[in-house]
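Here is a quick tour of a protein model, written for someone who likes to have the coordinates open while reading. Take a look at the sequence and the fold before going on.

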Amino acid sequence: MKLKSFEQFNCSLAQTLSVIGEHWTLLIIRDAFFGLTRFDQFYKSLGISRNVLTLRLKKLVEEGVLHKSEGPGHPEYRLSEKGLALQPILVAMTQWGEHHMPHPEGERIVFTDLQNGRRIRPVSICADDGRVLGPSDLRTQFGPGVWNGESAPRQPDTLTAVLSGLIGTGSDSSEH
């Protein structure tokens, strides 16, 4: 079954999902962070079919998330700057999974600071003064890139409108 593309949506989250939203893709990126670089390494680690792996690697190279080495020998796939920028997302998702879907025998992945060997804090959203912000502390507003001259986006689709309905922040959607 072909997955729906989000490329036509003028939404940064939808655009991100069009590149990394498929589950095999995220696992390939995870394995690249673990140091895997070759097709056969990804294949062995994931147990994914060769044709699906080929398509996902090709997409990640086309999107600039991975660089593919050219030349003699087996090509290697390495995270680009764009790929390395995904680290906070993968760490946050991993931490979420450890917290909300724990394994009965304990943690599966622990992140530590190379400098001091201590665990890192959970990934969070911080204000410019360093305060950790929760869902009710954020307001989502449209930026200049959302207006395409054809129509205004639907207000109920904003994160704030959704969150205010769930957690009762009392914010008025007309502000967003």
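What follows goes from the overall layout to the helix packing, the surface, the salt bridges and a couple of individual residues.

## The big picture

First things first: this is a predicted model. The protein has seven helices and four strands, and reading along the sequence you get the pattern α-α-α-α-β-β-α-α-β-β-α.

Of the 176 residues, 23% count as buried. The protein exposes about 12,800 Å², with carbon and sulfur atoms supplying 55% of that area. As for long-range contacts, take those with a separation of 6 or more: residues 24 or more positions apart account for 37% of them.

## How the N-terminal helices pack

Start with helices α2 (residues 23–33) and α4 (residues 50–62), which pack with their axes 10 Å apart and at an angle of about 70°. That angle makes α2 roughly perpendicular to α4. On the α2 side, W24, T25, I28 and I29 make the contact, and α4 answers with V52, L53, R56, L57 and L60.

Where does α1 come in? Its buried residues pack against α2 and α4. Those buried residues are A14, S18, V19 and I20. T25, in helix α2, shows the arrangement nicely. Setting aside neighbours within four places in sequence, T25 is in contact with V19 and I20, and also with R56 and L60. V19 and I20 are among the buried residues of α1, while R56 and L60 belong to the α4 side of the α2 contact. Is T25 itself buried or exposed? T25 counts as buried, because its relative accessibility is 3%.

## A nonpolar patch on the surface

Not every nonpolar side chain is tucked away. F6, F9, L13 and L17 form a nonpolar patch on the surface, and together they have about 350 Å² of accessible area.

L13 is a good residue to click on here. It lies in helix α1, which covers residues 12–20, and it counts as exposed because its relative accessibility is 54%. So α1 has L13 exposed, while A14 in the same helix is buried. There is a bit of helix geometry to keep in mind when you look: an α-helix has 3.6 residues a turn, so residues three or four places apart point the same way.

## Salt bridges

How many salt bridges does a search of the whole structure find? It finds nine. The background is simple enough: side chains of opposite charge can pair when their charged atoms come close.

One of the nine joins R78 and E76, at 2.6 Å from N to O. R78 counts as partly exposed at 45% relative accessibility, and E76 also counts as partly exposed, at 25%. Another pair is R108 with E98, where the closest N and O atoms are 3.5 Å apart. R108 is in the loop between α6 (87–100) and β3 (125–126) and E98 is in helix α6, so this pair ties together parts that are 10 residues apart in sequence. R108 is partly exposed at 46% relative accessibility, whereas E98 counts as buried at 13%.

R119 and E107 also meet in a salt bridge, at 2.4 Å from N to O. Both sit in the loop between α6 and β3, so the pair ties together parts of that loop that are 12 residues apart in sequence. R119 is exposed, with a relative accessible area of 52%, and E107 is partly exposed at 45%.

## Two spots worth a click

S69 is in the loop between β1 (66–68) and β2 (77–79), and it counts as partly exposed at 32% relative accessibility. Apart from neighbours within four places in sequence, S69 is in contact with H74, P75 and E76; E76 is the residue that bridges to R78. S69 and T37 are 32 residues apart in sequence, with their C-alpha atoms 9.8 Å apart in space.

The other spot is I125, in strand β3. I125 is partly exposed, with a relative accessible area of 46%. Which residues does I125 touch, not counting those up to four places away in sequence? The list is R131, V132, L133 and L138. I125 and L138 are 13 residues apart in sequence and 9.4 Å apart in space, C-alpha to C-alpha.

Technical notes: Residues numbered from 1 in each chain as written. Predicted model: local features only at pLDDT ≥ 70, side-chain atom pairs only at ≥ 80, totals over all residues. Heavy atoms only, no water. Patch = residues over 30% accessible without salt bridge, like charges linked within 9 Å, V, L, I, M, F, W, Y side chains within 5 Å. Areas by Shrake-Rupley, 256 points an atom, 1.4 Å probe, with all protein chains shown as cover. Salt bridge = Lys/Arg side-chain N within 4 Å of Asp/Glu carboxyl O. Helix = DSSP H or I, 4+ residues; strand = E, 2+ residues; numbered from the N terminus. Buried < 20%, exposed > 50% of the residue type's maximum accessible area, 1.4 Å probe, protein only. Axes fitted to C-alpha atoms, helices over the stretch in contact; angles between N-to-C directions. Parallel < 35°, antiparallel > 145°, perpendicular 65-115°, else oblique. Contact = heavy atoms within 4.5 Å.
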